[in-house]
Amino acid sequence: MSETSIPVKDIAVKDNERAHEELRTQVRKLCQTFDDEYWRRYDRERAYPEEFVQALTEVGYLSALIPTEYGGLGLGITEASIIMQEINRSGGHSAACHAQMYTMGAL
């Protein structure tokens, strides 16, 4: 995360437009580290993109729906959807992490 970016934990839902754009930017930056060849290789091998999912986990995106008191980001369904949308928009495949995010939110 760059020095100028806002940590995901600090995204204020009071300023949705600004917060959502910042979240999109942050997810996009992370996704750019996984190029098209990465995704083609995993598709050809029909393999699970473990490095990608681990990167999402490390920055907290997969804990978006988990309340902060349990170690999650405490965000809402809109923010979770933005994360998934940006993964797909970047050329990635959100199916690899979709269930983890939404199942944890339900739990």
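Trainee: Is Cys 97 buried or exposed?

Mentor: This is a predicted model, where local features need pLDDT of at least 70, side-chain atom pairs count only at pLDDT 80 or more, and totals for chains, interfaces and linings use all residues. Residues are numbered from 1 along each chain as its sequence is written, and side-chain values use heavy atoms, leaving out hydrogens and water. We call a residue buried under 20% relative accessible area, exposed over 50% and partly exposed in between (1.4 Å probe, protein chains only). The relative accessible area of Cys 97 is 0%, so Cys 97 is buried.

Trainee: Nice! How many disulfides does the count come to?

Mentor: A disulfide is a covalent bond between the sulfur atoms of two cysteines; the rule here asks for a pair of cysteine sulfur atoms within 2.5 Å. The closest cysteine sulfur to that of Cys 31 is in Cys 97, 8.4 Å away, which is too far for a bond. Cys 31 is buried too, at 2% relative accessible area. By this rule, the number of disulfides is zero.

Trainee: What order do the elements run in, from the N terminus on?

Mentor: Elements here are DSSP runs numbered from the N terminus: helices (H or I, at least four residues) and strands (E, at least two). The protein has five helices and zero strands. The order is therefore α-α-α-α-α.

Trainee: Which element gives the largest share of the largest nonpolar core?

Mentor: A nonpolar core is a set of buried Ala, Val, Leu, Ile, Met, Phe, Trp, Tyr and Cys residues joined through side-chain atoms within 4.5 Å. The largest one has 26 residues, and those touching the most other members are Phe 52, Leu 56, Ile 83, Ile 87, Cys 97 and Met 101. Two or more residues each come from H1 (16-32), H2 (36-45), H3 (50-59), H4 (77-89) and H5 (95-106). The largest share, five residues, comes from H4.

Trainee: How far apart in space are Leu 62 and Cys 97, C-alpha to C-alpha?

Mentor: Leu 62 sits in the loop between H3 and H4, and is buried at 9% relative accessible area. Leaving aside residues up to four places away in sequence, its contacts (heavy atoms within 4.5 Å) include Cys 97, Gln 100 and Met 101. Although Leu 62 and Cys 97 are 35 residues apart in sequence, their C-alpha distance is 7.3 Å.

Trainee: Which residue that is not a glycine has a positive phi of about 50°?

Mentor: Most residues other than glycine have a negative phi. The one to look for lies in the loop between H2 and H3, and is exposed, with a relative accessible area of 76%. That residue is Arg 46.

Trainee: About how much space lies in the largest pocket?

Mentor: On a 1 Å grid over the protein atoms alone, a pocket is an open set of points where a 1.4 Å probe fits, with protein on both sides within 12 Å along at least five of seven lines, and lining residues have an atom within 4 Å of a point. Among the lining residues are Trp 39, Tyr 42, Asp 43, Arg 46 and His 93, and H2 gives the largest share, three residues. Points are joined across faces, edges and corners, and the volume is the space filled by probe spheres set on them. For this pocket, that space is about 170 Å³.
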